[in-house]
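Let's take a walk through a protein model together, one stop at a time. Keep the picture handy and look up each residue as it comes along.

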Amino acid sequence: MKKRLDYDVIMDLIKPNSRVLDLGCGDGELLALLKDKKDCHGTGIEIDEKAIYECMDKEVTVLQGDIDSSLQDYSDKRFDYVILNESVQQILNPETVIMESLRVGKRVIVGIPNFCHTSSRIQVALFGKVPITKWLPYKWYNTPNLRFLSLKDFRQFCQDKGITIEKERFLRTTGEISLWPNLLAHHGVFLLKKE
Amino acid sequence: MNNKSIIETQYYTFAEPPGEVPLKCGQKLGPITQAYETYGELNADKSNAILVFHALTGDAHAAGYHKGADKPGWWDNMIGSGKAFDTDKYFVICANVLGSCKGTTGPASIDPKTKKPYALTYPMVTIEDMTLVQKYLIDHLGIEKLLCCVGGSMGGLLALKWTIMFPDAAHSAILIATNYRHTAQQIALHEVARQAIISDPHWNNGNYYGGALPATGLSLSRMIAHITYMSEESMEKKFGRKLQDKETVGYDFKTDFEVESYLKYRGSSFVDRFDANSYLYLSKALDYFDLCEGRKLSDVLSPIEAKFLIITFSSDWLYPSYQSRELVRALKTNDVDVSYLEIESNYGHDAFLVETESQARLISSYLKRVWKERVI
């Protein structure tokens, strides 16, 4: 299996023995890692039936459902962390989901692809085409992404909503970077908090 | 347990007067005999027991073969060596429910006081009572805490009830194609089935034992039930408009279509294996079942300590997924560890017994996890 740098970063942000909710948990790999390596108690929300079998094989708790409607049943600050990794850009109401996540979670970890990476900017500016990159390989007609944002856009959103960014980490294929992330990073991972 | 392992039904009799079991309806019942079967071996610390609750017309014969039989138990594709409920690891128990006619005391059993079948003098038993008497059996087997209790359809109601009545007597529960209270539609369908039996002159107010059976009524009630177990799509796929043993329709009221023939066959073969009064009692017990009884669902579920796996099927209109999802939401609110999946299937309510591959994968993984996480 391909090593997921974003998982390493998220693992690093999460304290041992935490209660974690992973929204859009996919095959449950991250939850399984958190269970094995950090003794976390995790729950995943996932819509895809096939992915749910894989979660079950990995012995993690998983609920089939839409991210958009999955948070209302949880009480305030139920989880130590709510994870929205690579899912914010695919949900219908990201604003509501992020605010709800901050309600049910003491902290929220958001991992997003950077739609304004240099290679994307070049394609737009020079060729006048919507960018297709190794990290965002979709065409306009088959992309699962509903929202297109940059790391800068996300920071702006947090500022507007009074959300504190406690930590931010930026990724390229080769590893983590800290310089000019909005130009050079493919992914950003943010640790958020709201009192 | 190998493929052709021979299984014998066992019997446990208890609640001899004056120690009768008090029932929810206010009456008492005893003595009670409970038919049950077990598969696999109970381990030394009695921590590997799984209790399987059968559906409405099921029985204790869940797996293996009875001597001389060519058909295995009703969940044989799930219970056995190397199967989802792996009998090399787990000790699986299945008991016939109270009120049934498959070895456990029901309306067709002889009342020791009168030496005649109970018939309608049999008390109205509930899902709660059925669950309670199985606890007597589990106590008798010396098992304090089940690794898992599991049931589909009516069996799911018993499994759910078990986790509320005896919170510390199960590590986990698996509920399949079930709900937490019978809805108006479910009651309505049962009432039509009951009226079919009651309006058969041979039913004779329940006193037909030793005479002609209310075969027409019972058969009709089963035909109705079978319609509710299938989806429109599965019926269309299986039968379509195919004719039964003829090239053209007959323009009369004899059997034309395959689907008619199938339902008639299902109906008449049911008469040979099930007691009409048991059908009345059990269907009524299901209709009386309402976990909430005016209270908030999450409050009713508050005693629960077990983990849950809840499975539904997309085309099941008898126990539709939304009902289980309401249960899932209340369990989430209560901070219960619950996993949930709606399996995409065309088989309607029957999917519970048909979609074995997907269920086997979910259940075997889940049991592995529960086994690791159990606290002795």
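What follows is a tour of salt bridges, empty spaces, a surface patch and a few buried residues. Keep in mind that this is a predicted model.

Let's start with charges. How many salt bridges does the structure hold over all chains? The count comes to 32. A good one to begin with sits in chain A, where the side chains of Glu100(A) and Arg103(A) meet at 2.8 Å, N to O. Find helix 4 of chain A, residues 94-104, and you'll see both partners there; because they are three residues apart in that helix, about one helical turn separates them. Now, are these two buried or exposed? Glu100(A) has a relative accessible area of 23%, so it counts as partly exposed. Arg103(A) is partly exposed too, at 24% relative accessibility. The cut-off that matters here is 20%, since buried means under that value.

Next, hop over to chain B. The side chains of Glu373(B) and Lys307(B) form a salt bridge as well, at 3.2 Å, N to O. This pair links distant parts of the chain: Glu373(B) belongs to helix 11 (residues 356-373), Lys307(B) belongs to strand 13 (residues 307-313), and their positions lie 66 residues apart in the count. Glu373(B) is partly exposed, with a relative accessible area of 27%. Lys307(B), on the other hand, has a relative accessible area of 19%, so it is buried.

Stay with helix 11 of chain B for another pair. There, Arg369(B) has a salt bridge with Asp337(B), 3.0 Å from N to O. This one also links distant parts of the chain, as Asp337(B) is in the loop between helix 9 (321-333) and strand 14 (338-343), and the partners are 32 residues apart. Both Arg369(B) and Asp337(B) are buried. And here's a neat twist: salt bridges that share partners tie Lys35(A), Lys307(B), Asp337(B), Arg369(B) and Glu373(B) into one network.

Time to look at the gaps. How do you spot them? Rolling a probe the size of a water molecule over the atoms shows where empty space is left. The second largest pocket has a volume of about 1,100 Å³. It is lined by 40 residues, and the closest to its centre are Arg4(A), Asp6(A), Asn85(A), Glu86(A) and His187(A). Which elements of chain A supply at least two residues each to this lining? They are helix 1 (5-13), helix 2 (29-38), strand 2 (41-46) and strand 6 (164-172). Helix 1 of chain A gives the most, with three residues.

There is also a cavity to find. The structure holds one cavity of 30 Å³ or more. About 40 Å³ of space lies in the largest cavity. Its lining is made by Pro113(A), Asn114(A), His117(A), Ser119(A), Ser120(A), Thr133(A), Trp135(A), Leu136(A) and His186(A).

Now come out to the surface of chain A. Ile122(A), Leu126(A) and Phe127(A) make a nonpolar surface patch of about 350 Å². Ile122(A) lies in helix 5, residues 118-127. With a relative accessible area of 40%, Ile122(A) is partly exposed.

For the last stops, go back to chain B and look at three buried residues. Phe239(B) is in the loop between helix 5 (232-238) and helix 6 (258-273). Its relative accessible area is 4%, so Phe239(B) is buried. What does Phe239(B) contact, leaving aside its neighbours within four places in sequence? Its partners are Met230(B), Glu258(B), Val259(B) and Tyr262(B).

Gly217(B) sits in helix 4 of chain B, residues 215-229. It is buried, with a relative accessible area of 3%. Not counting residues up to four places away in sequence, Gly217(B) touches Ala196(B), Ile197(B) and Asp200(B). Gly217(B) and Asn277(B) are 60 residues apart in sequence and 11 Å apart in space, C-alpha to C-alpha.

Finally, look for Ser278(B) in helix 7 of chain B, residues 276-288. Ser278(B) is buried, with a relative accessible area of 0%. Beyond residues up to four places away in sequence, Ser278(B) touches Gly99(B), Ser100(B), Cys101(B) and Pro107(B).

Note on methods
Residues numbered from 1 in each chain as written. Chains lettered and ligands numbered in written order. Predicted model: local features only at pLDDT ≥ 70, side-chain atom pairs only at ≥ 80, totals over all residues. Heavy atoms only, no water. Helix = DSSP H or I, 4+ residues; strand = E, 2+ residues; numbered from the N terminus. Buried < 20%, exposed > 50% of the residue type's maximum accessible area, 1.4 Å probe, protein only. Contact = heavy atoms within 4.5 Å. Patch = residues over 30% accessible without salt bridge, like charges linked within 9 Å, V, L, I, M, F, W, Y side chains within 5 Å. Areas by Shrake-Rupley, 256 points an atom, 1.4 Å probe, with all protein chains shown as cover. Salt bridge = Lys/Arg side-chain N within 4 Å of Asp/Glu carboxyl O. 1 Å grid on protein atoms, 1.4 Å probe; cavity = no way out; pocket = protein on both sides within 12 Å on 5 of 7 lines; lining within 4 Å. Points joined across faces, edges and corners; volume = space filled by probe spheres on them.
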